[in-house]
Amino acid sequence: AASPALRPGAPKLAIAVDGRTSFCYLPLTIAERLGYFAQEGLDVEVREFPDVAQALQGLQTGAAHVLSGPYPNTIALQARGQNLQSFVLQGRSPQVVVGVSLETMGHSGSVADLRGRRVGVMTTSAASHRVASLVLGKVGLRAADVRYVPLANAAAAVQAFRRGELDAISTTDPTVTQLEQMGSLKVVADTRSMRGTAEVFGGPLPSGCLCAPASFLTQYPKASQAMTDAMVHALKWLQTAGPSDIIKVVPERYFQGDRALYLAAFARVREAWT
């Protein structure tokens with residue numbers, strides 16, 4: 001619901017997003033829930049789509065004005081001739097972790113030992129596959145050297161790991177923290193931290209961003225700036241938010257029935273928001 005700060009006749013804008021419970025899109029949720037868009041004089045509706053492709057389609061068909069999506073996608077789309085521009089970043093690291101199974105690989109298992117093994121990747125996340133490929137590539141392994149196993153969601157990832165059906169996984173929190181707490185996972189590459197991101201990519205790599213067609217940014221510069229300011233408010237709030245703040249503001253469904261796990265994972269990814 002819009003806050004009382006929203007003035008009559010405020011511009012109505014729709015933001016498309018996929019999987020908004022993902023930590024990389026948490027700043028968007030915070031900006032919406034705390035009324036930061038309304039404080040900037042905007043009437044914003046966040047519309048959730050099943051995946052990135054459909055969220056992008058929503059932008060292209062006019063169902064949304066702005067896309068909250070993975071930053072690397074904007075670069076890929078520009079290369080294909082689509083003038084989609086990022087105008088505010090939601091994080092400075094991909095927040096993807098690669099870990100090996102302690103059950104099937106043992107404590108001495110490493111990335112180099114994954115030749116011919118099963119590596120789980122999230123089908124809904126291109127970043128999951130991208131990070132896995134880079135980490136494997138650093139030890140000379142190519143896509144054909146491992147068997148990638150697509151995982152539909154976090155629950156499927158945890159079940160596959162517990163059954164010993166995976167030798168490694170590339171995924172995000174809170175799944176990673178859950179597998180660590182279960183004693184099932186040894187982290188071998190961690191882009192939740194800036195140091196880990198630099199080890200994989202050589203420097204920071206933005207995760208989520210708000211992006212829009214260049215024509216929108218040119219036509220609505222004030223609204224674009226107002227959305228940016230609202231997101232910056234949210235990023236600043238996240239830097240100092242404590243567990244009780246998170247529980248009050250974040251929707252219950254984001255916790256997936258385990259608040260303690262969500263808060264533990266939140267602490268791991270906090271460095272990504274700046």
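## Buried cysteines

A residue counts as buried when its relative accessible area is under 20%. In this predicted model, C211 has a relative accessible area of 1%, so C211 is buried.

How many disulfides does a search of the whole structure find? The search finds 0. C209 takes part in no disulfide, and its nearest cysteine sulfur, that of C211, is 4.4 Å away. The same holds seen from C211: it is in no disulfide, and the sulfur of C209 is the nearest cysteine sulfur, at 4.4 Å. A pair of cysteine sulfur atoms must be within 2.5 Å to count, so this pair does not qualify. A disulfide is a covalent bond between the sulfur atoms of two cysteines. C209 is buried too, because its relative accessibility is 0%.

## The nonpolar cores

Which residues have the most contacts inside the largest nonpolar core? They are L26, I30, F37, M227 and I246. This core has 43 residues. Helix α11, which spans residues 221-240, gives the largest share, with 9 residues.

Take F37 as an example. Its neighbours within four places in sequence are left aside here. F37 is then in contact with I15, L28, A31, E32, L42, V44, M227, A230 and M231. M227 is thus on two lists: the contacts of F37 and the residues with the most contacts inside the core.

A second core is separate and has 18 residues. Among them are V98, V100, M105 and Y148.

## A cis peptide bond

Where is the cis bond? The peptide bond from D173 to P174 is cis. Its omega is near 5°. P174 sits in a loop. That loop runs between strand β8 (168-172) and helix α8 (175-181).

## Two residues with positive phi

Q95 has a positive phi, near 65°, and is a residue other than glycine. Its place is the loop between β4 (84-89) and β5 (96-101).

Q256 is not a glycine either, yet its phi is positive, at about 50°. Q256 lies in the loop between α12 (243-249) and α13 (259-269).

Are these two residues buried or exposed? Q95 is buried, because its relative accessible area is 3%. Q256 counts as exposed, because its relative accessibility is 55% and the cut-off for exposed is over 50%.

Notes:
Residues are numbered from 1 along each chain as its sequence is written. This is a predicted model: local features need pLDDT of at least 70, side-chain atom pairs count only at pLDDT 80 or more; totals for chains, interfaces and linings use all residues. Side-chain values use heavy atoms; hydrogens and water are left out. Buried means under 20% relative accessible area, exposed over 50%, partly exposed in between (1.4 Å probe, protein chains only). A nonpolar core is a set of buried Ala, Val, Leu, Ile, Met, Phe, Trp, Tyr and Cys residues joined through side-chain atoms within 4.5 Å. Helices (H or I, at least four residues) and strands (E, at least two) are DSSP runs, numbered from the N terminus. Contact means heavy atoms within 4.5 Å.
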